[in-house]
Each structure stands twice: as structure tokens, then as C-alpha cells.
Amino acid sequence: MHYAGSSGLYFSLAPLLPAWAATGVESRNSHKTKATAIDLTIDSYPFEVNGRIGPAVAINNSVPGPLIRLREGEDALIRVTNKLSESTSIHWHGILLPPEMDGVPGVSFAGIAPGETFTYQFPVKQSGTYWCHSHSGGQEQLGVYAPLIIDPLEPEPFRYDRDYIIVLSDWSFESPMAIMGRLKNLASYYNYEKRTVGDLIQDINTQGFSAAASERLMWGKMNMDPTDIADVTGATYTYLMNGLPSAANWTALFRPGERVRLRVIDAAAMTLFDVRVPGLRMTLVQADGQNVQPVAIDEFRIAPGETYDVIVEPKAEGAYTIFAEAMDRSGWTQGTLALRDGMSAPVPERRKRPIRSMADMGMGSMPGMEMEDHKGMKMGGSGPAASTMPMPPKAEAEMSAEHSMAAGKTIEAIPWTTAVKHGPDHHGVGNAAVAEYSKSRLHEPGTGLEISERKVLVYTDLKSLVVREDLRPPGREIELHITGNMERYMWSIDGKKYSEAKTPMRFQYGERLRLTLVNDTMMEHPMHLHGMWMELENGMGPFKPRKHTIIIKPGERWSVAITADAPGKWAFHCHLLLHMEMGMFRVVEVSDDGEGAQI
Ligand SMILES: [Cu+2]
């Protein structure tokens, strides 16, 4: 048999792809008028990545699983059969439904035992791009995830000619438990790219000796290295687009003049991606399945759990690379948007691995006291925050002097950006570090994207297309700290692992409340609430964007408004799989028993 070029490679892999992800197949199909029962089977599956077979767990023998397509207003009827020898589950991520249909074992349902079939049945009350995944052990990393598209009753408020689903994920031939074991032994196990003596010499040249040395000292004190961006990296992960590694070049076709909608879903276990299509501007139209006022962007960061819908208008000639680079730059995955199958475009140069800044440490974030060093890295370090660190007196004096020179350069004054001094409570033994100053970083694109010439999406760009339904001001505020001990690979909320949290967090049924999160750790955490929307307080007033998953940056404080309209028990957790498994998880109970918030 003859194969030609990359299309030959592609067709040799085609049988492994779910039908919705095959080249040139659009995700749009005919609307159903009545709900049809959907049958899903979860079973072990030999998954091929770059010519090597690994032990996956799949929905209907494909990774990702089949496209689940529903229509707003219908009743979904989905039967899930477990052919594994262990319990399983499917959670409908971002979907508002009765708690017993939410699919989180141990919270509001028992899980699906081996050999059993569980029938999910719920009214579909929303539309947009979503996904589903197992909420049992490490099955999500092993392949149990699938796209979920809900067609709206009303016409979409934007026009497009065709649409494609892009499911990003991370595959490892190591099991999630093995990865966890390695991280428990050595948290930096997958971070090979440590800073070197050469880097120190360079730092001395740019910062001066005492500043460079004291910065090193601080990092040492934190038991972290500024290159620790992701805890699991390309050292073990192969990044996938629609289940294919980069070499397979997943391809989406277009005709000249068309507007193409890309429905991007981050279904990875542990990986935040930076996504762009070099040569094309993207118009963001939905975030987490919800319509937003269109924003023209060149790149966006997406975390596990999030979805973004963008529209691109490729020119008549050529091919475009759809590029998704892991946040820590340890790898990437790519596909191609092309006029014909077999075309390809250049792959962008990989960017340098990013470095954590002082702001990531919750340091030097006094209002109006931020400066940039020569590399564009945000620097802080003077004032009360730094004085708590064991720093040589001379270095402190020098850094203060440096700072006072730069004090005239102030950060953009944004009304909701208020640096808040942390209190004396250090949240127990499960917490190694405390952000001395926390502040909103919603207007920042995030680590590694600070000095991009491209327009990178920031959370302050998100503005709902419609006015929010519940305009009551929050009646009370719950503040939670996102905590961890990196050295021991412990992750928690308010210093307590899930197993140590005695009672659920209580929301009063019907109340409007504000949930404020403060990230005391030096990593991003995509925090996900089940059952209810989080309305991000990003300065948009009555047009607050609704999200189900929101990244909290290191040292950041943000707030969401929530209408507690869904009685029952719901999960609230970090969507990085291993963080959740280690205890960054809580149950929220919505009831009208009159009790206040408890942790
Ligand atoms: Cu996390």
C-alpha cells in the first residue's frame, strides 16, 4: 500500500480516532427533536501513542471518548456501563443538574460498580461547549474524557460556517499513582531544568550580587526553584490534540472565506496550555460554554477544566498550525487548519521556560510598588513582606534603594486591585508558605506570557453578553486559602486536606454570597465548582462572566459571586488531578437549615 507524506501517516492512524475527530469532520450535525438514549461503556483499552501501546481506560474504545451531543431543553438519557474491575463514574463538567446525576463518587452518588450500568437522566438547561470525565481515581489521566456539546434553542449570537472540537490532553505511560509516588518522594522529580551557576552569574550581572544572592536565598527558604512551573512535565507527558500526538498532525479543513469555530477543551490531568494559531487572530465568543462579548486575541491560556470557543477566518491560501504549548514549555501539541488534507504550516519556535517572580511568592505586592527588571520579570521584595524573610541587612538596604528609585512607576490603578496583608494565621502544618500580600491578578496573562507582543487573553477581558440574572449584592463572604506544602507534595484548602475537613462548607439555599480565594502557594490552581456558576468579579458589574473553572495565580486573591440555587452536596476542588487527589477538595452543601458557613 502506498502512503504519501504526512497524510499517509494520518490515514494510518485514522482508525484509532473517534469519528468526530477525523480529518474534515465537523462537529455540527442535525438537531434532534427528542432525546435519544446514549450508551457509553468504560473499559480498559490499548492506546497507541507514537508507536507505543499503553494501558488506557476509554469510553467506547476511543481516547478521547465519543462526542456527546445534547440539545438545550431536552432530557438527557445516558447509560454508562462499567466493564472495569474497579469502580468508575462520569461527571458532566460544567452542567447544572440534580446532585445525584453529577457523578462524583462519595459526594452525591456511590459510583458505578464493576459490571453495573448507571442511568444518568437530567433536563438540559444550558448550551455551549463542555466535556465529561471520570471522577474516580486516576481514570481521567488514563483516557476517560469526552467532549460534550449542547446546541442552543435560540440561534447563536455569532456566525460561523463550520466548527471543530479540539480536546487537549496529556498522556503518560506512567500510571497516575506512579507519578504521584515519585512526586511524594521528590516534588521536583519532573523538573529537570534547574537553574545553574551560569544563571546565577547572569543574575549577578543584571541584578547585582546581593540582590541575586538574596533572591536565591529566598527560593531556597521556600524549598522551591523558580523554574518549578508545573509539577508534572513533558518529561513524562506526551501532549495530545484530539487523542493524537503532534507527529500525527490532526487536521481541520476549511474552504476559502469561511469562519471556523474552534471549540477548545482542556481535558488534561495536569497541564495548562497556551493556545494560538500563528497568522490568524482569534475572536473569543464563549468561555466555559457561556457567551461573552467578542474579544480579538492572538493567544489564550487554558487550564484543565476550562473551555474556550474562538472563531478564526483563515485566508484562501495555505495552512495554519494550531499550536498548544504546555505552560512550562516542556512540550507542546499541534494540529493544522488547512485547505486540503496533508498540508502543514511551520511550527512556532519554542519559547524559553518561564521563571517564577516575587509576585508569585506573594511578596513585594504593595499597591503601586511594582517594578520590572531587565528581563521583564516582575520584581518586588521591599517593604514589610520582605522584612519577614531572613535577608542579609545589606541586601535588604540595596533592594529598598532600588525600589525607591522605581517607586514612581506604578501599576495600573484598578479599583478591585487591592493588596491585602495576610493575618497571623498560617493555616496549619499542611501549609508551607503564606502569601504576605495577595492581590487580584485577573488583568495579568500569567507566568511566561507577561512580555508577549501578542494580545493574550486576560480574565478582565471576559464580559458576559447578557446581564446577570441575580443582581443582589452578596449577603456574606466566605474566604478560603488555597494551600500546600510543595516539599511534601501536600495540597489542601485552608491548610487541611479533604480527609481532615470535618464538615461540608455550607451555603444557605437561595442566598447570594461572595466566595473569596487566596492562593498561598506558588502554583496556578484551576478551581472548579460543581452544580452552580461562579460569577467572576472582574470589574464588569452586571455583566460578570459565568465560569465553572477559574485559574487562581500564585499569590492571587479573587472573588466570585454565587447564587446558591442548587440544593444538595457539590464538589469544589482544584482541577489538577493530583492536587485534587492529594486533598485540594471540599464538599459544599446547599441547604436551608439556617446554619452559617463552616469548613
Ligand atoms: Cu491545584
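**Exercise 1.** Why does Lys455 count as partly exposed?

*Solution.* The structure is a predicted model, and the accessibility has to be compared with the cut-offs, since buried means under 20% relative accessible area, exposed means over 50%, and partly exposed lies in between. Lys455 has a relative accessibility of 27%, and therefore counts as partly exposed. Its salt-bridge partner is Asp461, with the closest N and O atoms 2.8 Å apart. Asp461, in turn, has a relative accessibility of 19%, so Asp461 counts as buried.

**Exercise 2.** Determine which residue forms a salt bridge with Asp274, and where in the chain the two partners lie.

*Solution.* Begin with the contact itself: Asp274 pairs with Arg301, and 2.8 Å separates the closest N and O atoms. Next, place the partners, for Asp274 belongs to strand E13 (residues 273-276) and Arg301 to strand E16 (residues 299-302), so that the pair, 27 residues apart, links distant parts of the chain. Finally, consider the accessibility of the side chains: Asp274 and Arg301 are both buried.

**Exercise 3.** Describe the salt bridge of Glu299, and then place this residue in its network.

*Solution.* Glu299 forms a salt bridge with Arg351, whose closest N and O atoms are 2.7 Å apart. The pair again links distant parts of the chain, with Glu299 in strand E16 and Arg351, 52 residues away, in the loop between strand E19 (332-338) and strand E20 (371-372). Both Glu299 and Arg351 are buried. Salt bridges that share partners join Glu299 and Arg351 with Asp274, Arg276, Arg301, Glu325, Arg329 and Arg454 into one network, and the whole structure holds 33 salt bridges.

Notes. Residues are numbered from 1 along each chain as its sequence is written. This is a predicted model: local features need pLDDT of at least 70, side-chain atom pairs count only at pLDDT 80 or more; totals for chains, interfaces and linings use all residues. Side-chain values use heavy atoms; hydrogens and water are left out. A salt bridge is a side-chain nitrogen of Lys or Arg within 4 Å of a carboxyl oxygen of Asp or Glu. Helices (H or I, at least four residues) and strands (E, at least two) are DSSP runs, numbered from the N terminus. Buried means under 20% relative accessible area, exposed over 50%, partly exposed in between (1.4 Å probe, protein chains only).
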